[in-house]
Structures are given as structure tokens and as C-alpha cells.
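Me: I'd like to practise reading a two-chain model with you. Could we go feature by feature, with the general idea and then the case at hand?

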Amino acid sequence: MKKRFNTYHGALAPYSLWAVLFIVVPLVFIAYYAFTDDSFAFTTEHFTRFFTATSNILEDDGTSREVRTYLLIFWRSVKLAVISTAICLLLGYPIAYIIARAPEKTQKTMITLIMIPMWMNFLIRTYAWMTILQDTGIFNNVLGALGLGQIHVIGTETAVIIGMVYDYFPYMVLPIYSIMAKMDLRLLEAARDLGCGSISVLRRVIWPLSIPGVVSGITRVLIPSISTFYISQKLGNGKFFLIGDAIEGQYMANNLHFAAAIAFILMVILLVAMAVVKYVTNRYVYGGERE
Amino acid sequence: MKKIIELKNISKAFDGEMVLDNISLDIYDNEFITLLGPSGCGKTTTLRMIGGFTQPDSGDVIFMGERINDVPPHKRNVNTVFQRYALFPHLNVFENIAFPLREKKVPKKEINEKVNEMLKLVMLTGFADRRVTSLSGGQQQRVAIARALVSHPQVLLLDEPLGALDLKLRKDMQQELKKIQKSTGITFVFVTHDQEEALSMSDTIVVMSEGKIQQIGTPTDIYNEPKNAFVADFIGESNILDGVMLEDYKVRFAGQVFSCLDTGFEKNEPVDVVVRPEDVDIVPVEKGMLSGIVTSVTFLGVHNEIIVDINGFKWMIQTTDSVNENERIGLFLEPDAIHIMKKSKYSGMFGDYSSFSDEMEEISNPDPEGGAEE
């Protein structure tokens, strides 16, 4: 018994070391930087700045308006992330269902197709979207060739959302697919047997049983898309500064302490949000405790 | 009696393999009918066809006089108890049973009443709020039955519902199912590979093999008057011998002529002769119609099961007499111990106990596809 215990700890050691070095230590550093000033004296000024800093933005009608800079950026990040996540879910759920019900061989092919974009570098994908969505890009050329006129997409929120949806889509599909593929088909037969038409089967059996997958998909898309950067710079022409861009910008400008503070705030908010989600699913959703 | 379901000339193939071969079957109101046969005989496919989960390639499914081939499962007044229950894991016991009622938008008060009535029927009062995943196999079974019965279907289909239960529980559930069937008056179509289960519960047994119905009859008919070697062998134990029907009431087998009760065969028609192991009397050699050497004796509590070698053919005999291995004994057969069957494609395949030990293995493991997963 004792020997097994030791072996277990021996096997664990390299991973513990890894976790301490590359997860715990950096987090401690972030917290440390967030709460100190340039001379490493304790301060909460960065937090105050995050919540109170203001700037003027120009409205469409030419008037100027004072806003709280970082709260606006944060709010915009959440908004775009939520929209992207919702679109991922709306598109991903039916696709996951279709894949899960396809013959086994087709399933593998379809899953591979969904995953292939993930194998390509994120920057390359974003650049690809830039060329596609440009005013003179493929998208507008096709529209023009069809005689539908041109649409200005690049540099709008829509472009940013398209980029995010494209990037994070697989993270939505995969967990939903995996839970649907495991679903006991006899339950669906039982539901039909007990009087459910197709829509009822979906609503009363498939949907509730797939919620753990949906929650997992939402978390996997929402969290990285809230903190995303670069997509907004490239596809939004820098007009839609997101919280990730703010962190990057402060870091690049060598404001390490303020960058750390923004990162810290973001992390706390996400942790709280995830804790709430976990609590609610564990408590009210079947199968939630497994996730 | 009123006909409730008719299957007419139904055939079905899966991937070019014939699963049902021109099956016709009538099911009557208020009947407990069992589809009995080994794995792969087509019994489950037949059941799924009545449930609406499989469509026949040819032939008709008639329900109360109406052809329902294309009616989807949720529009059939037929419910199923699935092999491994298929309870909804995200719902508690109450909601599982209430499931079909909620679909029909039955008023809340009525749902409460009906579910409680069902809980009482299956003896699960007080379990309403339990998670189905926390129940034992037997309790899950009861929930599945309650859920299938709550909307009062005209027919209840049961697909090997007791397969996953242990022997004791299974016996209890057999009794209970029979009781529930009687008290509700709902037609039960029961699928099993367990002949004992079929004999003890059914009003009518349909013996199936290789996608064909071999025999339809009451348990006593099936046991006493099996139609061919397959049925004789599948239901209970049988010694099946080659014989020749000399004339009415006279048959020759094992080198002797015996009187029997069977008529209606051609003169000198080759036949299969069935002798049940419990119908053979052991007598002193000089008084016996046949004699042979005992090759094995197995004590089974109520009786001994002995194998006797008679001119190279091994008979199984169940007796309360005590005999010893290698002893020569005489056998005596009353006319009613002999049952004559027409020759069939199953002739010669069953009913010789020379390879008995192999058969015992099969009996102790009747369902190689693995119905018992609990």
C-alpha cells in the first residue's frame, strides 16, 4: 500500500513541477505585478484605473461622449464573445447532431474536416479571412459577379464575429458531438414509443441529455473569445479594441503592472463565471457533475 | 376472441440476410403471447415491427383491422418495455412514468393520480422522487413497465424484459407480470429465449427459428405435441429418434415396434419419434421393451438424470429410481409416452444425448449475445 503511494507520487512529480513552474508561478507573478507599482510597492491604482479611466469617443453624429475606457472595452469584448458563442452554438448543435447520427465512417471524415482548420496557424487563418473579407476580396468579388453589389465587411463588428466564430467553432462542435455520439439510441426509441414526434424527442430527450456538452462547448468558446486579441485588430481594422488587445497593448507599451492588473481582473471575472456555471449545471442539469 | 394484431406474410431482410421469412401471426385481445426462440430467430424483429421501429419488406401489419405499416411508433397505441429498460436518466421515477402523459398534455392532477396508481401497481410507492440511476435492476424494470402501461396502450410489447435480472428476481417478476397482465387486461407480447419462462407465463407460445414460425400453441400443446424436432428439442428435453409409422397407432423405432396414439400418417412413412425423458419407465431388463447400459447418472435433487446407451443411441431419462453407472436396465414406454412428428429439415439435428456435455454448456449460457449486462 505504502509502496503504491510512493510510486504514485513519483509519477506525479514531473507534472507537479511543470504545473508549479508554468502555471502557479506565472499566476503569482501576475498577481504580484497587478498589485505593485513600478518600484514594486503595493498599490491598487491599476484597479482604480481600470474602473475609472475615461476617454472621449466620437459618435456617428460627430458629438463627443465621455466613457469609461476599460469598462467599455470589457463590455464590448463580452458582447462580441457572447454573440460569437451564440452563433457557434446555433450552427454547431445541428452539425454535431448530424455528425453523431451519420454512419461511423462518415463521422470520422466529418470530424476531421471540422478539425482541419485547427491545425493551421491562428495568424494564417486570420490573414486568410482578411483577404476574403476585404472590399476587393473574394467575398465581394463573388457578390459582384452575382450582381448583388458589394458589402463592406472588413473593419466592422461583423468581420470580427466571423473571425471568432470561425476560430472557435470546433471547440463548440466537438464536446456536443462527443456527448451525442455516446447517447443511448434506445432512449430516443423509447421516447418515440411513448408518443413523441421528432421535435418532442429533441426537446424532451436529446436536448436535456446534451446540456453537459453544450455547457462545455459554451465555456470553451466563450472564455477564449472574451480574451481574444489580434482578430479584432486585423478584421476590425483596430476599431474594435478588445480586452485582449488592451492587455497586449499595455504589455507592448511596457506597462507590465497595468497589463497584469487587467489580466487579473479578467481572470477573476471568468473564474467566478465558471464557478457559477459549474454550480448551476451540477445542481440542476443531469450529467453536469461529470463535466 | 377479438383479433387485435395481424401479421400477414411478413418478410424482412437486413443486408441481404433474411431475418423474417413470410411470417403470419394473429394476436388476440387480452392474450399473453410469447415469441420464443434462440438468438437471431427473428423474434425481436417481429416485436419491433409491431412497435413501428422496423418496416417489413413485404407483408402487412394490421392493427384492429387497419394496415399500420407506415404509421410511426408515436402514433401507435402500442408501448414497449425495452430490453435494458431505456429509462430517461435525466428524469426521476415520477417523471419517467409521467413522460407519455406530459406529451399528451394531460392535466396535472390527472397525471398525479395516474402515476401514483402505476407506482402502486408495480409496488414502487414512495419511490417517486428517486433518481432512476439509483434504482436496482428489478426496480428499474418496474419503472419501465409502469411507464409503458400508464397511458393504457392496447398492446404492451416486452423485449426480453427479464434478461438482466438474477434468477430469483426473475421468477418473482414472471409472477408479477402475469398478474399485471391479468389485472389490466392489456395484451402482452413477450419476447424471450427462455423456454421455461415462456411455458410458465404464456397463454400462447410462438416458437420461432431462422425467421420462420415453427409452431403456435398453448404451452401444453407445444410441450406435448411438438410439431418438429426443433420445437421438441427447444422446449424441454427430448429424445428424438428416427422411426417408421407402420400404420395408425403402430410405429417402429430403435429396432422395435411400439403402439402409440398417433394417426394420420402414410403407411410406412418415415417420422421423427419424440420421447420425453420423464415419460420413460425403468424396469428390470427382462420386462423392458428396450434395454441399454447406463453411461452417466446426475443427481438433480428432485430426480436423477441418466444417460442410457441403447444400441449406440444415447437416451436421456429422468427418474426417481436409483440406478448405477454401467448397469444394464430395461425401459418401458406407455403408448402416450410416444409422440410422432413429420420429418422436417430439423430431423436428425437434435435429440441425441451423445454430446450432452456440450449441450449443458449451451443451456447454462443461453444467450451468447449477452442479455445480462447489469
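**Reading the model together**

Reply: Sure, let's start with a helix pair. In this predicted model, helix α5 (residues 122–133) of chain A packs against helix α7 (residues 157–182) of chain A at an angle of about 140°, and their axes are 11 Å apart.

Me: Why quote those two values, and what does the angle make of α5(A) relative to α7(A)?

Reply: Two packed helices are described by the angle between their axes and by the distance between the axes. Here α5(A) is oblique to α7(A), because only angles over 145 degrees count as roughly antiparallel. As for handedness, the crossing of α5(A) past α7(A) is right-handed.

Me: Which residues make the contact?

Reply: From α5(A) come A:Phe122, A:Arg125, A:Thr126, A:Trp129 and A:Leu133, and they meet A:Ala159, A:Ile162, A:Gly163, A:Tyr166 and A:Asp167 of α7(A). By type, the contact of α5(A) with α7(A) has six nonpolar residues, two polar and two charged.

Me: Now confidence. Where in chain A is it lowest, and where highest?

Reply: The general caution is that predicted coordinates should not be read in detail where pLDDT is low. Chain A has a mean pLDDT of 88, with 97% of its residues at 70 or more. Within chain A, strand β1 (residues 54–58) has the lowest confidence, a mean of 82, while helix α3 (residues 69–101) has the highest, at 94.

Me: On to chain B. In what order do the strands of its sheet run?

Reply: In general, strands of a sheet pair through backbone hydrogen bonds, in a parallel or an antiparallel way. In chain B, four strands make an open sheet with antiparallel pairing, ordered β2-β1-β4-β5. At the edges sit β2 (17–28) and β5 (66–67) of chain B, each paired on one side only.

Me: How many bridges join β4 and β5 of chain B?

Reply: Two bridges link strand β4 (residues 58–63) of chain B to β5(B), in the antiparallel sense. B:Phe63 has B:Glu66 of β5(B) as its bridge partner.

Me: And what lies across that sheet?

Reply: Helix α1 (residues 43–51) of chain B lies across β1 (3–14), β2 and β4 of chain B, and it runs at about 60° to β2(B).

Me: Last one: how many residues does each chain give to the contact between chains A and B?

Reply: Chain A gives 16 residues and chain B gives 16 residues. On the chain A side, α8 (185–193) and α9 (198–226) of chain A are the elements giving two or more residues, and α8(A) has the largest share, with six. That side divides into eight nonpolar, three polar and five charged residues.

Technical notes:
Residues are numbered from 1 along each chain as its sequence is written. Chains are lettered from A and ligands numbered from 1 in the order in which they are written. This is a predicted model: local features need pLDDT of at least 70, side-chain atom pairs count only at pLDDT 80 or more; totals for chains, interfaces and linings use all residues. Two strands pair if DSSP finds at least two bridges between them. Two residues are in contact if their C-beta atoms, placed from the backbone, lie within 7 Å. Axes are lines fitted to C-alpha atoms, for helices over the stretch in contact, and angles run from 0 to 180 degrees between N-to-C directions. Ala, Val, Leu, Ile, Met, Phe, Trp, Tyr, Cys and Pro count as nonpolar, Asp, Glu, Lys and Arg as charged, and the others, Gly among them, as polar. pLDDT is the predictor's confidence in each residue, from 0 to 100. Angles under 35 degrees count as roughly parallel, over 145 as roughly antiparallel, 65 to 115 as roughly perpendicular and the rest as oblique. A crossing is left-handed if the near helix is turned anticlockwise from the far one by less than a right angle, and right-handed if clockwise.
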